[in-house]
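Open the model in your viewer and keep the sequence panel in sight. The tour goes stop by stop: select, look, move on.

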Amino acid sequence: QVQLTESGGGLVQAGGSLRLSCVASGSIFSININAMGWYRQAAGSQRELVARMPGGGSTNYADSVKGRFTISGDSAKNTVYLQMNSLKPEDTAVYYCHKPNPWGPDYWGQGTQVTVSA
């Protein structure tokens with residue numbers, strides 16, 4: 001069983017920055033952080049992909065965050081980061097860390113709130 005723990009959310013003014021972290025733990029095996037990613041869900045909206053690392057050093061981003069957000073990972077720390085710059089009020093949402101699970105339900109973190117004020 002793998003647990004994902006996010007941190008780094010908060011309240012920031014438009015134009016500001018935040019860095020989210022997601023630590024994966026709980027497995028007796030080395031955790032492969034490839035394919036991990038970040039989703040977000042704004043109030044009244046469906047959960048949407050923000051960024052992910054499919055593997056091989058590649059990254060995918062939602063069009064709305066390209067050029068402003070950067071996803072990265074540290075395998076030694078089992079940690080994935082989301083650097084968010086030039087934040088906009090429309091980035092306000094609960095941000096979730098995600099890890100696919102080929103043997104069962106995917107893993108999700110508990111979520112961290114990001115609020116961007118105008």
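Is Arg68 buried or exposed? Select Arg68: it is buried, with a relative accessible area of 11%. Buried means under 20% relative accessible area, exposed over 50%, and partly exposed in between, with a 1.4 Å probe and protein chains only.

Before going on, note that this is a predicted model, in which local features need pLDDT of at least 70, side-chain atom pairs count only at pLDDT 80 or more, and totals for chains, interfaces and linings use all residues. Residues are numbered from 1 along each chain as its sequence is written, and side-chain values use heavy atoms, with hydrogens and water left out.

**Stop 1: the salt bridges**

Keep Arg68 and add Asp91. The two form a salt bridge, with the closest N and O atoms 2.8 Å apart. The pair links distant parts of the chain: Asp91 sits in the loop between strand 8 and strand 9, Arg68 in the loop between strand 6 (58–61) and strand 7 (69–74), 23 residues apart. A salt bridge here is a side-chain nitrogen of Lys or Arg within 4 Å of a carboxyl oxygen of Asp or Glu. Strands are DSSP runs of E, at least two residues long, numbered from the N terminus.

Now add Arg40. Asp91 forms a salt bridge with Arg40 too, the closest N and O atoms being 3.0 Å apart. Asp91 is in the loop between strand 8 (79–84) and strand 9 (93–99) and Arg40 is in strand 4 (residues 37–41), so this pair ties together parts 51 residues apart in sequence. Check accessibility: Asp91 is at 1% and counts as buried. Arg40, at 6%, counts as buried as well.

Add Glu48 to the selection. Salt bridges that share partners join Arg40, Glu48, Arg68 and Asp91 into one network.

Next, select Asp63 and Lys66. They form a salt bridge, closest N and O atoms 3.1 Å apart. Asp63 is exposed, with a relative accessible area of 65%. The structure holds four salt bridges.

**Stop 2: the disulfide**

Select Cys22 and Cys97. Their sulfur atoms are 2.0 Å apart and form a disulfide; the cut-off is a pair of cysteine sulfur atoms within 2.5 Å. The count comes to one disulfide. The torsion about the S-S bond of Cys22 and Cys97 is about -80 degrees, so the disulfide is left-handed. Cys22 lies in strand 3 (residues 18–25) and Cys97 in strand 9, 75 residues apart. Both cysteines are buried.

**Stop 3: an open sheet**

Show strands 1, 3, 8 and 7. They make an open sheet of four strands in the order 1-3-8-7, with antiparallel pairing. Two strands pair if DSSP finds at least two bridges between them. Strand 1 (3–7) and strand 7 stand at the edges with a single partner strand each, so one side of each has no neighbour in the sheet.

Zoom in on strands 7 and 8. Six bridges join this antiparallel pair. Pick Thr70: its bridge partner in strand 8 is Gln83.

**Stop 4: the nonpolar core**

Select Trp38, Leu82, Met84 and Tyr95. These have the most contacts inside the largest nonpolar core, which has 28 residues. Such a core is a set of buried Ala, Val, Leu, Ile, Met, Phe, Trp, Tyr and Cys residues joined through side-chain atoms within 4.5 Å. Strand 3 gives the largest share, four residues.
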